[in-house]
Amino acid sequence: MSFLFDGKEIAADASQSIGAALIAAGYRSWHTTRHLGAPRGIFCGIGICFDCLVIVNGRPNQRACLTEARDGDEVCAQEGTGHG
Amino acid sequence: MADIAVLGAGPAGLAAAVAAHRAGARVTLVDAGPRVGGQYWRHQDGDDGRGHHLWSTLCRLREVPLDFRPHHAIWHVERTGDGFVTHTSAGEITSQRLVIAAGAHDRQLPFPGWTLPGVFTAGGAQALLKGQGVAAGDRVVVAGTGPFLLPVAAGLAEAGARVLGVYEAGSPVGFARHPAAVLRNASRITEGAAYLRVLRRHGIAFHTRKTVVAAHGDDQVRAVTLGSLDRDWHVVATEDVECDTVAVGYGFTPQLEIPLQLGCDTHLDVDGSLVATADDAQRASVPGVYLAGEVCGVGGARLSLMEGELAGLHAAGVVPDKRIVRRRAALRAFATAMHRTYPVRPGWQTWLDDDTLVCRCEEVPARDVRRSVVELGATDPRAVKLLARPGMGLCQGRVCGYATACLAGPVTAAGLRDLSARPIAQPVTLGSLAEQHVEEP
Amino acid sequence: MVGAGMVGAACAYYCAEAGLRVGVVERGAVASGTTSAGEGNILVSDKEPGPELDLALLSLRLWTSLGERVADGFELDPKGGVVVARTPAALSGLTSLAAGQRAAGVTAEVVDPTELEPRLTREVAGGVHYPQDMQVQPMLAAAALLRHARSLGATVHTGTSVLAFRRGGDGGITGLRTSAGDLDAQWVINAAGTWGGEIAELAGAPVPVLPRRGFILVTQPLPPSVIRHKVYSADYVANVASSDATLETSVVVEGTRAGTVLIGASRERVGFDRTMSLPVLRKLAAQAVGLFPFLAEVDLLRSYVGFRPYCPDHLPVIGPDPRVPGLVHACGHEGAGIGLAAATGHLIAQSLTGATPELDLSPFRPDRFAAEVVS
């Protein structure tokens, strides 16, 4: 199956997380921090560090390492708090 | 209402749930994740067990038909008149007794550049590999302290990544000082020896007294500085190595939100971690609460399985076989010996620049943390947290808690307790919190 | 000075500035009591005309000048307050209150609150804007004031408990016996906040300061524009003045520099019980969502608890105690300690240096309570 990340199609296995699929596709980061605008991707991989935040189908602050990819999801990089 | 709610479905929780169920108790097993296994047995659906340990134990345990509630993230547990209520993201679970098997997560030390994409925790690299089938990168440096670095490096190597080296900050020869514990746990040693054989087969060197003291790069890590360390972890020499991935870990931190919410006694363990206090029957200081696995002290999967079984039996009112109790004591002694072999030494604080972020999610630099102590009069971790804000972000101090406690002064149980207590263990929306509020007329 | 919370810190600052030699004794850490459990409010909006409002107006002026004079940043934010009335009856009560406050010197403008707070629910009858309300980071402010006092020669002894008051032949205070040894002093200021009653008891001059528990919810960080002022409902003022022992809640919502949103406010008389109360948190969450519907989808990250020090007539005790020469009180500020600290410190420094206090201190007399109230 696949999902869209910032418009590009990303392949994912069944029950694979969005974060793992992005790493496998060569992405290192998809979140910029709210103070310093620094890039973050996966750090702890188990849902405790909140670095890997991503916007899924319009909902911000989803932990990419915990969120299972679903076919056709629209995933966007998140800037800061994710709320406009 | 269940007789027993088991919180956490890793080795300890799964063993507890199965033991209690077989003893005739009504058991509900709760986990935030989609399947049983916890961190130790992270796997993908359909996994055949290759690259996993004690896989047959997992298969045996998960065949037992249990009332398993996945996708239930626990945010608060409270005692009520006749038992306990466990509040989760998917509803409330009531029970007469509890087994808390919440496990642990990686313990981290900050270093310049540790926030660069491509730097993962050792557990994160392992979770990606075992749970997702994804190698974290191509040219990997594995660093930190503790026996967990070996399976991480071995796993990545077997998956085809180029592991440039394993860099252990300590010098684990001290292990030989605890021969009694070593002998009682021969199989643990064999496990370590097996990993070393894998590393040798791939030509990966295991270095001691050396670790990553800085990471470099623009928008991702491109190189690291390896520091040769003295026995207190001050840097005596450096060399730079190009890489695209770092997997780093300094032991584990037990997840104590739930024992602390319930008011259970805690104490400082040999490895400087705060752990929940359990007696020989795995009982916490609060009646009706049992503890098993890493929450009682980091000790590995075999110990977690033992303690889980003991906790499940006791919670179900069954007196366990003395052999299990003896085996547990042996494994505890081994864990203690391991902790003494892999201490965190204070010299890591000299690796930090003023700009090095201590708190990743709230972006608090070392300068602010130090200033709160030196200039603003902070004398304990709580004051440091309130003045400089490490631990106030989304992760609520899980990543930076230990480092913050060290930077605030000598680490104490009270100081760690202040940073580890979280009345809200997982973020919960205000809407769902409000849902059950009935407006009084 | 007993107590290194906000009031103790402000007293230390003003006394040191006035040339007095100050020693601060604190059994915990700087600001480890109620100071670290509040929201950092500096308000004039929530006070009815009377001595407390006068104290608040003076304190507001002093805080503004502290914000300019004290070098360390403590995030003094002149954000303003918006009080919201949900019903016509509440609005009528609110506008009468505002008229009285205006007469006392408060700037209060009747407004459509949804114009000032676009995310506010539309189910409101009206509101009043108080541009003078401010917020400060209380930990940083207390630390900064103490740091400044130390630069003027004050000493701060944390981790030090008061064991006894030392008295001279005439019954007056000569100093303190502490866990770190004896201290000589001409005056001892009881700035022990919620524990001010215990210190007063030790000194032989009881004052009835009791704890009133409050919880605060803290959300995930949001952009600063989502909630721009301190926003609360018009029944807040009535709750502060209530003597009810049972749970009082009224909704208070505000943002912070860090981006988190703080939600209060609850008041209960349960002694010093720190146990988290889920029913109270649920009620606070429900009320907050009622005022700002978008908060339903916002995550709660943590909650914390604090104990406001209150006296039966809801006024603090400030000033020298006629019952024990040398004993001075500066505590019992009940939920307004941060805001009133500057004026309290200033007035105490004036009393001790022989200057006429800028405000009449008689409403805050420590010996004003009838004997049976104190026991």
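Questions and answers on the A–B interface and on chain C of a predicted model follow.

In this predicted model, local features need pLDDT of at least 70, side-chain atom pairs count only at pLDDT 80 or more, and totals for chains, interfaces and linings use all residues. Residues are numbered from 1 along each chain as its sequence is written, chains are lettered from A, and side-chain values use heavy atoms, without hydrogens and water.

Reader: What area is buried between chain B and chain A?
Author: Buried area is the accessible area (1.4 Å probe) that two parts lose on being put together, summed over both. Carbon and sulfur atoms give 56% of it here. The total is about 2700 Å².

Reader: Which three residues supply 21% of the area that chain B buries against chain A?
Author: No other three residues supply more. They are B:Gln132, B:Arg360 and B:Glu363.

Reader: How many salt bridges are there between chain B and chain A?
Author: A salt bridge puts a side-chain nitrogen of Lys or Arg within 4 Å of a carboxyl oxygen of Asp or Glu. A:Arg34 forms one with B:Glu362, the closest N and O atoms being 3.0 Å apart. The count is three.

Reader: What is the radius of gyration of chain C?
Author: The radius is taken over C-alpha atoms, and the globule rule is 2.2 Å times the number of residues to the power 0.38. That rule gives 21 Å for 375 residues. Chain C comes close to this, so it is as compact as a globular protein of that length. Its radius is 20 Å.

Reader: What percentage of the residues of chain C count as buried?
Author: Buried means under 20% relative accessible area (1.4 Å probe, protein chains only). Chain C has 375 residues. The buried share is 61%.

Notes. Buried < 20%, exposed > 50% of the residue type's maximum accessible area, 1.4 Å probe, protein only.
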